[in-house]
Amino acid sequence: MAKSKTVYVCTECGYETGRWLGRCPECGNWNTLQEEARQAEAKAPEKKIRRAPGAGAAALRIDEIPDDAASRRACGIGELDRVLGGGVVDGSVVLVGGDPGVGKSTLLTQACANMARAGEKVLYVSGEESARQIKLRANRLGAAGTGMYVLSENDMTTVEKRMEELSPRVMVVDSIQTMYLPEIASAPGSVSQVRESASQLIRLAKANGCCVFLVGHVTKEGALAGPRVLEHMVDAVLYFEGDRQNHYRLLRAVKNRFGSVNELGMFEMTGEGMREVTNASEALLSERAHDASGSVVMCALEGTRPLLTDVQALVARAPFTTPRRMASGVDQGRLSLLLAVLEKRAGLRLFDQDVYINIAGGMTLTEPAADLALCAAVTSSLRAKPIDATFAVMGEVGLAGEVRAVPQAERRLNECLRLGFQNVVLPKGNLRGMRVPQGVNVHPVETVLEAIAALNLFERR
């Protein structure tokens, strides 16, 4: 009888070792090695290895490969189709991750219902919920009478059989961490089970041309649970972001083999499911306070989509020796850098002031184009002087206090004009060779001091 053995597998990179180590030698992460019990292989006659589809294919010259465009299927949800690059591609595997309760299952149930109404054969596989629970959610979302198939199972052998029987064009697996293969001794959710289950689903998707959505759990740090190789295996990775206390949800693409990355879709959580927010800029600015100091509008660019966001700052005298620096929606290290630039290059006294930054609507700004808006909001709050409501500000700030050009400035200006922002403080470098839209008054600046002057923030209390 074959004996079992214990191995330790890294949850980040899949490195295996026979003894526990505090730090993974492969990826360098600490405390990521988990114990797994495996059944040692008994000596038996060699069996013929089942070849994966496509094995033995001949090499082709690149000019001989046909230029057929990938066939896409619309999900019936415009924001989801936008993030996917125009719809889901036949034979593709999409991984959707997000915090518990953020709405992953709700969104995919609505997408399955829409595709089933369009005549597609859809299979929803759940390893976490019973068929009755899925039916209750479908009733709430108005998806009960669409004809999609539901399977409550986490055994990959059974899932493969049902998939071959039904031959669905679209399949959802909720979630990949609950699936398991009986021939692997480790528990569901382990590195080996997640990797092998995902590999089998990808093989089935490529062989049958089925579009597969995989729902993935996330760790407390916000990363997808399981081996890191899972994100490399799939064709697209989508992250569902949003606080449970906030009714807005953001769907972001961080990998897409069939479209551009960093695309963003916006949804609103309602009692009837996810509702698309087609005019995201208007939604983010709908509750903006007017005539309040420390508030300025900035046009961010998420993929190909311009979004107007409200950048808020609050500067107050610090009651203690060490002032506080708190930021929500921006990198705190970047904030500290910009505050140092304002002190050194603009002469603002901030060393004894608490500074709080917030990006309204739960947005996260990662691009440097938000630097100038942050500087303007901090200056406005410090001087207790509101910025004119018709102004929008954007630009990257360097350590010398210079303002650098931002990409795709013309698209940003058009979005500002569409929502009535007629004055835009823009880096002077963007005006070279750019056609300024009619109706926009651009204030070109080269330094932070010039931007403060253009916003009329030099007056003190």
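## A linked trio

Let's start with a small group: salt bridges join Arg73, Asp90 and Glu120 into a network. A salt bridge here is a side-chain nitrogen of Lys or Arg within 4 Å of a carboxyl oxygen of Asp or Glu. Side chains of opposite charge can pair when their charged atoms come close. With this rule, the count is 22 salt bridges.

## About the model

This is a predicted model, in which local features need pLDDT of at least 70 and side-chain atom pairs count only at pLDDT 80 or more, while totals for chains, interfaces and linings use all residues. Residues are numbered from 1 along each chain as its sequence is written, and side-chain values use heavy atoms, leaving out hydrogens and water.

## Pairs within helices

Helices (H or I, at least four residues) are DSSP runs, numbered from the N terminus. In helix 1 (residues 78-84), Arg82 and Glu79 sit three residues apart, which means that about one helical turn separates them. These two form a salt bridge, with their closest N and O atoms 3.8 Å apart.

Helix 4 (residues 156-166) holds Glu165 and Arg162, again three residues apart, about one turn of the helix. Their side chains meet in a salt bridge at 3.4 Å, N to O.

## Buried or exposed?

Buried means under 20% relative accessible area, exposed over 50%, and partly exposed in between (1.4 Å probe, protein chains only). Glu79 has 3%, so Glu79 is buried, whereas its partner Arg82 is partly exposed at 32%. In the other helix pair, Glu165 is exposed at 58% and Arg162 is partly exposed at 32%.

Asp63 and Arg61 are both exposed. They too form a salt bridge, with the closest N and O atoms 2.6 Å apart.

Conventions: Helix = DSSP H or I, 4+ residues; strand = E, 2+ residues; numbered from the N terminus.
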